[in-house]
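Dear colleague,

Please find below the structure that I promised to pass on to you. I would be glad if you could read my notes with the model open beside them.

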Amino acid sequence: MAPAVILLHGDDNVVVCCRTVEAGEHISVEGVDIVAAQRVALGHKLARRDLSAGDKVIKYGASIGSMTADIKAGGWVHMHNMKSDYIGAHLRDAVTG
Amino acid sequence: MNAQGYLRPDGRKGIRDVLIVAYLVECAHHAARRIVDLADDPQVHLVGFPGCYPNDYARRMMKALVAHPNVGGVILVSLGCESFDREGGAAHAATHGRPVETIVIQQVGGTRAAIEQGRAAVKRVQAQMAANRVRVPLALSDLVVGTICGGSDGTSGITANPAVGRAFDRLVDAGATCIFEETGEMIGCEGPMAHRAASPSVADAIVASITKAETYYRTMGFGSFAPGNAEGGLSSQEEKSAGAYVKSGSRPIVGVIKPPERPTIPGLYLMDVVPDGEPRFGFPNISDNAEIVEMIASGAHLTLFTTGRGSVVGSAIAPVIKITGNPETWQRLGEDMDINAGAIFDGSATLDSIGEQIVDMIQAVAGGAETKSEAMGHREFILTYKTFEPSGPGCFPR
């Protein structure tokens, strides 16, 4: 079975799911235990530590955007609580109205 | 490498011997498609440009394609009243030693006559191609390889894309020419990329191309970011960019080219795909195949296509090798995928072992082995309106 998550860079404050992670699942990241707040799919990100609105989201050791809401460690980090610092994106519901 | 290529009269070497049937306006599309369908030959491919009004970029792209090293013969199908320079296109193919015929629907008497004449033209051009055929040994240093990602998700930047980067490093070290692209998907990576430039002028060209891309996409209203990217776990343009950028590997970037400019010496090139000037014709590239066609026009013999969500496309003219980084996509769409970089997740493969597998497959495909998309009959092609200024001398290796 694949490991639950991967930490891509030591500076990262998110980890990437290597498989679907179930709500309540305990995951060890470099010896620190985090608990998945909800079911999160392969390729999606979990907060490695508590994050606040305005914090940079760090993946690959680089900023991939800013938090727009507070979130606890183990929470799902995605477009509902973070945004690009460069340019907007669109979702399917925005396209189909 | 144990592969035989096709030597062209201009000295370039191809890995396929394709007859292209090109419609020069949408009004000639049906006749051209029927000519290709009736040929019933996997090496007869349909290409074309739908627009009636002139476009210098499309004209130069089509000229590059009729003289592409994978192309052995050409049939142009014109309605007759469109603006495309069919005589110039035919003359260019002939100058490069390709047998070429032109069918003008309004002159030959309509759809039925054009299709009949097209069928006969296919036979004549095929006979000429057979008579012209010269096989020569191929080395990796003869190859131009492009890479693109499509249907990216949160796995792409971890598995498939860095594995292609490892393959690119091996190819560059072997003297091959490699092209990576979509400057709009490199927004946020301009700093590290400029550090890899082989010269200060190339570093300037890299930063300028990304600045242009950001301005252009901002005018369009959003980045090169599809809903499926978000469903696959990507949350921002710069997150997608960081994952896409690693396809380029780690070797110096020797130049920045615009389609259909050709690399001047072997090495790694960034392709600047974003039009110059005020946004005029909409999105830089409306779908993945528009980018694949641009790399082909710049000389790519084949393309490495990484995908997370699972693209199924191939291409006219040049084979596409599809590499998925997502083990679930490999399970679901394995029939369409050539390589499973998702195996890195469960530890049964490494970035280096997948990189090696990619280079092995490039050599096999160059030698004639079919990719999954070729076997499935995929021959996608799209060419639309764009505007480019020529690249300055500082964009190329000294």
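Here is what was found in it, with each term explained where it is used.

This is a predicted model, in which local features need pLDDT of at least 70 and side-chain atom pairs count only at pLDDT 80 or more, while totals for chains, interfaces and linings use all residues. Residues are numbered from 1 along each chain as its sequence is written, and chains are lettered from A and ligands numbered from 1 in the order in which they are written.

Chain A has one helix and nine strands (DSSP runs, H or I of at least four residues for helices and E of at least two for strands, numbered from the N terminus), and the helix follows the strands in the pattern β-β-β-β-β-β-β-β-β-α. Of the 97 residues in chain A, 35% are buried, that is, 20 or more other C-beta atoms, placed from the backbone, lie within 10 Å of their own.

The largest nonpolar core (buried Ala, Val, Leu, Ile, Met, Phe, Trp, Tyr and Cys residues joined through C-beta atoms within 7 Å) has 144 residues, and Leu46(A) and Val77(B) are among those with the most contacts inside it. Helix α13 (residues 351–366) of chain B gives the most to this core, with eight residues. Domain 1 (3–136) and domain 2 (140–395) of chain B both contribute residues, so this core lies between them; the domain bounds come from an automatic or database domain assignment.

In helix α1 (residues 29–39) of chain B, the buried residues include Ala32(B) and Ile35(B), and Val77(B) touches both Ala32(B) and Ile35(B) (C-beta atoms within 7 Å, placed from the backbone). Just after α1(B), Asp40(B) takes a positive phi of about 50°.

With best wishes

Note on methods
A residue is buried if 20 or more other C-beta atoms lie within 10 Å of its own, exposed if 12 or fewer, and partly exposed in between; C-beta atoms are placed from the backbone. Two residues are in contact if their C-beta atoms, placed from the backbone, lie within 7 Å. Lists of a residue's contacts leave out its neighbours within four places in sequence.
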